[in-house]
Structure formats: structure tokens, C-alpha cells
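Student: I have a structure open and would like to learn how to read its features one at a time. Could we begin with the way helices pack against each other?

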Number of protein chains: 2
Amino acid sequence: METNDVKLLGRCASPYVNRVQIALNMKSINYEYLEENLGSKSSLLLNANPVNKKVPVLIHGHKSVSESLVIVQYIDEVWTNGPCLIPSDPLDRAEARFWADYIDHKWFPLTAEFKLTQGEGRKVVVKERIIEGLVLLEEVFVKCSKGKDYFGGDSIGYLDIVLGSFLGWLTAIEMTSDVQLLDITKTPDLVEWSNRFSLNDVVRNVVPETEKGWIKL
Amino acid sequence: METNDVKLLGRCASPYVNRVQIALNMKSINYEYLEENLGSKSSLLLNANPVNKKVPVLIHGHKSVSESLVIVQYIDEVWTNGPCLIPSDPLDRAEARFWADYIDHKWFPLTAEFKLTQGEGRKVVVKERIIEGLVLLEEVFVKCSKGKDYFGGDSIGYLDIVLGSFLGWLTAIEMTSDVQLLDITKTPDLVEWSNRFSLNDVVRNVVPETEKGWIKL
């Protein structure tokens, strides 16, 4: 398969697209990135993902794959000669999938709820729930990383990608709402991990930096 | 690993628990089934799944796995000498995961919306969306089964389990609301598949039959 057979339909500042970019970088796969205009979606996108009509879509040869976590697993299973993203042990795999589901369907929606919630008192309640989730994820990090740098151990793995893709949004919320979510006093390991992750070569220039104004909340 | 090292914490009439039962049956795994009382959850459940506190939970030796689709994948990856539930080709696997996500997060919630929706006109709109989803899933069935009996080909696979576990609920809605959702004129292949699936030895006595009053909507 030629490297130019890989295209990614994406949207700058989408954490879901960032996941695929990081996974492709981890496997050292050259790909063509095609920015989508969500106000006027390309026929390529509409044909490749007629059900959801959403990015990211990975086009590999004449086939397309949609949904960020499905794509990340596909990349891991097709390009097996790069570092493994999903753990090899079935129980570790199950844990990674469980926590990915928790992050996407339970923890991350709290950040949207925080943005929408009106009233200082109610906002504090949601903020505390976000932080409780991060404390839980800190425990997961300690367990999975076994003293190493990443959820994936020595190198970035599935859970690093799933949670790490949201770091830009977390920073954006912290800046626009003047709150501290990733707090060194509550989740010291996760704070260190987030710095390490963001500076990793496969992540730099992928997850948007709020200072540059890529993310507008 | 002794067969009596496998326990399933479940709840009769939960389609998510049924998924795990079918997967275990497909792999001919003996297991101990422990019915949970959701009004008074066991300490076994609360310790094994402290995050969600929900069934199903598979306890395998001293380890536990939660979330139905995570468990089904775990079973497939641990007991590799039975029939494969997830397809072996990466693209087929991606398709199966994409449609499982569609069924759980887009299609099935429509059935809850249908139950909650008031007003005949609005109910008809939701009903049509449920049927549109089934028409889409009929196309998926035709593509995946390649003329064979199941989404998984010759035998029950991942998507059969994901969609098939909801057949009892679908029938219950049809009976209590006097509507036709799985319709031979609109989704003939899916109707035939549903009969075949429900009568399969690994499914019989697992997915509740509404006639017996197992499901009360």
C-alpha cells in the first residue's frame, strides 16, 4: 500500500481528528490531510461517511473508516510494525476500552455541561465532578503506566490518545472560565503526564494550543 | 483456568447482560450466573464495577470486566479456540465496531424516545426513524453476511450479538404500542435473520420472550 493512499478528512481543533493524527504519527504514516468546511461538506466526506457525515474519516486506498476510536484501532491493526497503541493482554485491552468509553461518554460530556451551566453554585458542582473524574483517571494512569511515562507505558498508547486529545479543550475551558481543572495538588501525575504528552513530537502541532486562538469557546 | 472461575453478574431481561450470555454460549464456556437485585446491589457488583455500578460484570478468576461490548471483545480475545465473534480482517473489524456504535448510540436510543414521545403525530415520526435505521441495518446485514445466515457469516458474530440482544425489546414495543417495526415488506432479510437468531441454540432462553412477560415496558 503506497503511503499516498492514506487521506484524512479532518477539521482543525477537533479532538476526534487529533486522535487520528496522533495515531498516524505514532506509526510514522505519511498521509494527505484534507480540511473540511463543516458549513459546506465535501462530496468526499458525504460519500465516505453517509451515516454520520462527520469528520474524522480515514480513506485508505478505496476504503474509508469513520469514528475516531474505530479509526485508531484500525490504524493499530493495519500498521502492526509501529509501536502498539492497544495493549496486547486481553485484560489490559478491556481496561483500556472501558476507560476510553468512560472518558468519551461520561467524563468529557461534563465539560460541555460546565460550559452550558448557568449560576456560580451549579457551575462549581459540575467543576467538582470534572475534577473527580480526573482524580479517577489519575488512578488509572498510575495503574496502567506502572511508573513509566504514559498510560501506554514507555510510549503513547490508546488511552493517552483518547484523553490527551481533550487537553486543548480543557485548557481552553480553564482560560475562558478562570478555573483550574488539571490541578497539580489534586492530580500531580496527570499534570506531569499532560505536559509530557503535549511536548511529544507526535503530538506537538496536532493538539491545538489555546494561546494561538485555535480553540474558541 | 477452571470453568468455574467465570461468573456473570447480571439482570434478567437486560439486553446488555444477554450479549455476554450469548458470547459465553458461543464459546461453550461454563459460568456461574448471579442475578443482581438492582434495588440492593451486591458488594460483589459494587467492588467489581465501582465506577458505573452496573451489570453486566464478568468475573474471570480474580479479575473483572465491565461494559457489555468490552466484555464481548474480552471473551473473544481470551477464548480463541471457539468461533471468532469479531471479524479477522481489520476493515471488517472497523465496520463491525462502527455499526455497533451506531446501534448503541444512535439507533437504540430512538426506541426509548419512541416510548417517551407523546402525541400520535410525533410518535409516527420517531417510529419512521427507527424503521429507517432498520433499513440501513438491513443493508449492513446484506453486505456483512455475504449471502450467509448471520452478520458474522456462517455463525453468530459481534454485530449479531449487538443488534440481536435488542430483539426482545423491539418485540415488546411492537406488542405494547401496536406498531410494526421489523416489517417483512421493508426489511425482509432482517426479519428472517431475527427469526434465525432467536431460534439459535446459543440464544434460546437467553433473550427474553415478551409472551412470558419477562419484559415489562
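Student: How do the axes of helix α4 of chain A and helix α3 of chain B cross?

Tutor: Bear in mind that this is a predicted model. The axes of α4 (residues 90-116) of chain A and α3 (residues 68-78) of chain B come within 9 Å, and they cross at roughly 165°. Because angles over 145 degrees count as roughly antiparallel, α4(A) is described as roughly antiparallel to α3(B). The crossing in which α4(A) passes α3(B) is right-handed.

Student: Which residues in α4(A) and α3(B) meet there?

Tutor: From α4(A) the participants are P90(A), L91(A), R93(A), A94(A), R97(A) and F98(A), and in α3(B) they meet V70(B), Q73(B), Y74(B), E77(B) and V78(B).

Student: How should I read the relation between the two chains?

Tutor: In general, two copies of a chain are related by a rotation about an axis and a shift along it. Here a turn of 180° with a shift of 0.0 Å along the axis lays chain B on chain A with an RMSD of 0.0 Å. The two copies are therefore related as by a two-fold rotation axis. The same surface serves both copies, in that 100% of the contact residues of chain B recur in chain A.

Student: Which residue of chain B comes closest to the rotation axis?

Tutor: That is H105(B), whose C-alpha lies at 5.0 Å from the axis.

Student: Turning to single residues, is L134(A) buried or exposed?

Tutor: The cut-off for buried is under 20% relative accessible area, so L134(A), at 2% relative accessibility, counts as buried. L134(A) is placed in helix α5 (residues 120-145) of chain A. Once its neighbours within four places in sequence are left aside, L134(A) is in contact with W107(A), L170(A), L181(A), L182(A), T187(A) and L190(A).

Student: And where is Q180(A) placed?

Tutor: Q180(A) is in the loop between α7 (167-177) and α8 (188-199) of chain A, and with a relative accessible area of 46% it is partly exposed. Apart from neighbours within four places in sequence, Q180(A) is in contact with K127(A), I131(A) and E174(A), while its side chain reaches the backbone oxygen of L182(A) at 3.1 Å.

Student: How many residues apart in sequence are Q180(A) and K115(A), and what separates them in space?

Tutor: Q180(A) and K115(A) are 65 residues apart in sequence and 14 Å apart in space, C-alpha to C-alpha. For another pair, L134(A) and R204(A), the values are 70 residues in sequence and 22 Å in space, again C-alpha to C-alpha.

Key: Residues are numbered from 1 along each chain as its sequence is written. Chains are lettered from A and ligands numbered from 1 in the order in which they are written. This is a predicted model: local features need pLDDT of at least 70, side-chain atom pairs count only at pLDDT 80 or more; totals for chains, interfaces and linings use all residues. Side-chain values use heavy atoms; hydrogens and water are left out. Copies are superposed by least squares on the C-alpha atoms of residues with pLDDT of at least 70 in both. Contact means heavy atoms within 4.5 Å. Helices (H or I, at least four residues) and strands (E, at least two) are DSSP runs, numbered from the N terminus. Buried means under 20% relative accessible area, exposed over 50%, partly exposed in between (1.4 Å probe, protein chains only). A polar contact is a pair of N or O atoms within 3.5 Å; within protein, one must be able to donate a hydrogen and the other to accept it, and residues adjacent in sequence count only if both atoms are side-chain atoms. Axes are lines fitted to C-alpha atoms, for helices over the stretch in contact, and angles run from 0 to 180 degrees between N-to-C directions. Angles under 35 degrees count as roughly parallel, over 145 as roughly antiparallel, 65 to 115 as roughly perpendicular and the rest as oblique. A crossing is left-handed if the near helix is turned anticlockwise from the far one by less than a right angle, and right-handed if clockwise.
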